[in-house]
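Open the model in your viewer and keep the selection tool ready. This tour goes stop by stop, with something to select at each one.

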Amino acid sequence: MKIRYNLGIILCFLVFCTIACDKSPNPMKDTLSVSNDNAEPIDVIYLGKVVIGEMDKKYGVDPFRLNSAMIENDTMKVSVSYSGGCKPHEFTLVSSDVFLESDPVQLMVSIAHNANDDTCEAYPTEDYSFDLTPIKTMYQNAYGQDAGTIVIRLKDNPDGELVYKFDK
């Protein structure tokens, strides 16, 4: 009888411990908290892909707004806005592989947007950078010169034409 009594107490203790322990997931477990002591916003610049000679291929046809564009050294920097915000979006700089003969030469380019089926309705604005080195290499191979100037005709650019000058 004493063994039954002790087993009953142990069983009650185990039941109590099981009930008392909270097995619900902790909503803060997967949360990362970051603080910025200077309280300055952290700028994020995304790197976009660059493709040459594939103007007829579709790298994305989702709508977006090109807010601004500029060239700094060998980098095209753009600001874009789009509807979404729940999935990663992809922006690709698509360039012709043929220069328009003028002085300086011109090159037709456009930006393709792939929203990856993002149906969210936020309207984020993001900065993207595109490495123009492949375009510079294409120019150097075509004209046999290390230095050059290319007028880049970016489709839907609100700032007009862009001038890309490089030395080597």
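Start with Q140. Leaving aside neighbours within four places in sequence, Q140 is in contact with Q145, D146, F166 and K168. Keep in mind that this is a predicted model. Show the side chain of Q140 and the backbone of D146. A polar atom of that side chain lies 2.8 Å from the backbone oxygen of D146. Is Q140 buried or exposed? Q140 counts as buried, because its relative accessibility is 19% and the cut-off for buried is under 20%.

**Helix 2 and the sheet beside it**

Now widen the selection to residues 133–143. This is helix 2, and Q140 is part of it. Next, colour the strands of the open sheet. There are five, in the order 2-5-6-8-9, and their pairing is mixed. Which strands stand at the edges? They are strand 2 (49–52) and strand 9 (162–166). Each of these has a single partner strand, so one side of each is left without a neighbour in the sheet. Look along the sheet to see the twist: from one strand to the next, it averages 30 degrees. Bring helix 2 back into view. Helix 2 packs on this sheet and touches strand 2, strand 5, strand 6, strand 8 and strand 9. The direction of helix 2 makes about 65 degrees with that of strand 9.

Zoom in on strand 8, residues 148–154, together with strand 9. The two run antiparallel, and five bridges join them. Strands of a sheet pair through backbone hydrogen bonds. For a landmark, pick T149 and look across to strand 9: K165 stands opposite.

**The loop between strand 8 and strand 9**

Select D156. D156 sits in the loop between strand 8 and strand 9. Check its backbone angles. Phi is near 65 degrees, a positive value in a residue other than glycine. D156 is exposed, because its relative accessible area is 61% and the cut-off for exposed is over 50%.

**Strand 7 and its partners**

Move to strand 7, residues 125–131. Add strand 1, residues 45–47. Strand 1 and strand 7 run parallel, joined by three bridges. Pick I45 and find its bridge partner in strand 7, which is D127.

Now add strand 4, residues 75–81. How many bridges join strand 4 to strand 7? Seven bridges join them, and these two strands run antiparallel. Pick T75 and D131 to see one bridge pair between the two strands.

**S81, in strand 4**

Stay on strand 4 and select S81. S81 counts as buried, with 4% relative accessibility. Show side chains here. The S81 side chain makes a polar contact with the side chain of N67 at 2.9 Å. The S81 side chain also makes a polar contact with the side chain of T125, at 2.6 Å. To fill in the surroundings, add F64, R65, N67, Y123, P124 and T125; S81 touches these residues, not counting those up to four places away in sequence.

**The disulfide**

Select C86 and C120. They form a disulfide, with sulfur atoms 1.7 Å apart. The count of disulfides in the model comes to one. A disulfide is a covalent bond between the sulfur atoms of two cysteines. View the link along the S-S bond: the angle is -95 degrees, and the link of C86 and C120 is left-handed. The pair links distant parts of the chain, 34 residues apart. C86 is in the loop between strand 4 and strand 5 (90–95). C120 is in the loop between strand 6 (105–114) and strand 7. Switch to a surface view. C86 counts as exposed, at 54% relative accessibility, while C120 counts as partly exposed, at 23%.

**Two last backbone stops**

Stay in the loop between strand 6 and strand 7 and select D117. D117 is not a glycine, yet its phi is positive, about 60 degrees. D117 counts as exposed, at 66% relative accessibility.

Finish with D103 and P104. What is the form of the peptide bond from D103 to P104? The bond is cis, with omega near 0 degrees. P104 is found in the loop between strand 5 and strand 6.

How values were computed
Residues are numbered from 1 along each chain as its sequence is written. This is a predicted model: local features need pLDDT of at least 70, side-chain atom pairs count only at pLDDT 80 or more; totals for chains, interfaces and linings use all residues. Side-chain values use heavy atoms; hydrogens and water are left out. Helices (H or I, at least four residues) and strands (E, at least two) are DSSP runs, numbered from the N terminus. Buried means under 20% relative accessible area, exposed over 50%, partly exposed in between (1.4 Å probe, protein chains only). A polar contact is a pair of N or O atoms within 3.5 Å; within protein, one must be able to donate a hydrogen and the other to accept it, and residues adjacent in sequence count only if both atoms are side-chain atoms. Contact means heavy atoms within 4.5 Å. A disulfide is a pair of cysteine sulfur atoms within 2.5 Å. Two strands pair if DSSP finds at least two bridges between them. Axes are lines fitted to C-alpha atoms, for helices over the stretch in contact, and angles run from 0 to 180 degrees between N-to-C directions.
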